[in-house]
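Visitor: I'd like to learn how to read a protein model. Could you walk me through this one, feature by feature?

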Amino acid sequence: MTREFEFTRLLRAYRKGIISEQTFEAEMALLEGNGGGFTAMGKTYGCERDAIVAYIQRARNGEAAGAAALSNWAGVCKTDCMRSALRTIAEREAYHVRVMDRKLSDLGAQCEKAADPELDKFISMQSDPNISDLDKLRRIVSSFGNPEEIIKPIHDFVSLIKDDLDAKEMLTLWAEDEYSSLKWFVHAFTALGGSLEEAGNAAAAGMSSAQAPQN
Ligand SMILES: [Fe+2]
């Protein structure tokens with residue numbers, strides 16, 4: 001029986017209420033111990049630490065793009081009541097980068113800054129003074145279904161962490177910040193007259209390849 005199969009079997013039993021959360025976690029710990037690896041995000045890593053490093057490296061680059069995009073956007077924002085909120089979220093993104101870099105350093109890892117054309121495109125659009133604030137908000141809101149959905153994978157990953165409780169707490173707080181930022185984007189979009197249905201349709205049709213700033 002493969003570890004992946006065993007994991008799926010356990011998860012199904014837990015979701016159906018056949019086993020308790022405590023039993024599920026104990027079995028998962030055994031499974032991780034037996035396999036000598038750590039499975040997350042559809043991949044098996046050598047150990048929990050390697051998975052955390054990979055996760056933070058990926059998240060960190062998204063946060064850096066978010067910080068740049070939102071800071072630039074605040075500089076050209078034409079909607080007075082939005083400017084300071086954009087600055088607030090830009091600051092959140094920037095301090096996430098700093099904290100993540102510190103954690104990577106604690107783990108003996110470097111941040112691998114990978115080129116990402118989608119993130120470059122996102123920064124460029126959000127910095128453009130000729131694109132309206134509503135269109136910029138639409139691009140962000142149509143890139144995710146709802147704030148809960150986009151945050152769930154963070155919580156899913158956090159729930160797998162058993163040893164590095166420092167990373168677990170850091171990522172939990174990060175998820176809370178992201179959730180707050182995403183809720184504000186939805187609020188601002190609808191306040192400016194944007195339609196969530198229209199944004200949802202655009203997302204479903206794959207019309208937007210926008211990347212939300214957190215991931
Ligand atoms: Fe973010």
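**A guided reading**

Guide: Let's begin at the end of a helix: α8 is followed by Gly-193, whose phi is positive, near 100°. Helices here are DSSP runs of H or I with at least four residues, strands are runs of E with at least two, and both are numbered from the N terminus. This is a predicted model, where local features need pLDDT of at least 70, side-chain atom pairs count only at pLDDT 80 or more, and totals for chains, interfaces and linings use all residues. Residues are numbered from 1 along each chain as its sequence is written, and side-chain values use heavy atoms, with hydrogens and water left out.

Visitor: How many helices and strands does the protein have?

Guide: There are 9 helices and 2 strands. Going along the sequence, you meet them in the pattern α-α-β-β-α-α-α-α-α-α-α.

Visitor: What span should α8 have, and what does the model show?

Guide: The expected span of a helix is 1.5 Å times one less than its number of residues. For the 27 residues of α8 that gives 39 Å, and its end C-alpha atoms are 39 Å apart, so the two agree.

Visitor: Which residues coordinate the iron ion?

Guide: Look for donors, meaning N, O and S atoms within 2.8 Å of the metal (3.2 Å for Na, K and Ca); water is not among the atoms, so sites may look incomplete. Here Glu-63, Glu-93 and Glu-178 each appear twice through OE atoms, at 2.2 to 2.7 Å. Their spacing in sequence is E-x29-E-x84-E. Glu-93 sits in helix α4 (residues 83-106) and Glu-178 in helix α8 (residues 165-191), so this pair ties together parts 85 residues apart in sequence.

Visitor: What is the geometry of the iron site?

Guide: As a general yardstick, ideal angles are 109.5 degrees for four tetrahedral donors, and 90 or 180 degrees for six octahedral ones. Four donors count as tetrahedral if all angles lie between 85 and 135 degrees; four count as square planar and six as octahedral if opposite donors are over 155 degrees apart and all others between 65 and 115; anything else is irregular. With angles of 50 to 149° among its 6 donor atoms, the iron site is irregular.

Visitor: Are Glu-93 and Glu-178 buried or exposed?

Guide: Buried means under 20% relative accessible area, exposed over 50%, and partly exposed in between (1.4 Å probe, protein chains only). Glu-93 has 1%, so Glu-93 is buried, and Glu-178 is buried at 2%. Across the protein, buried residues make up 43% of the 215 residues.

Visitor: Which residues touch the most other members of the largest nonpolar core?

Guide: A nonpolar core is a set of buried Ala, Val, Leu, Ile, Met, Phe, Trp, Tyr and Cys residues joined through side-chain atoms within 4.5 Å. The largest one has 52 residues, and those touching the most other members include Trp-73, Leu-86 and Trp-184. The largest share, 11 residues, comes from α8.

Visitor: How many disulfides are there?

Guide: A disulfide is a pair of cysteine sulfur atoms within 2.5 Å. A search of the whole structure finds 0. For Cys-81, the closest cysteine sulfur is in Cys-77, 7.9 Å away, which is too far for a bond. Cys-81 is exposed at 70% relative accessibility, while Cys-47 is partly exposed at 31%.

Visitor: Where is Met-41 found?

Guide: Met-41 is in the loop between β1 and β2 (43-45). Its phi is near 55°, a positive value in a residue other than glycine. At 36% relative accessibility, Met-41 is partly exposed.
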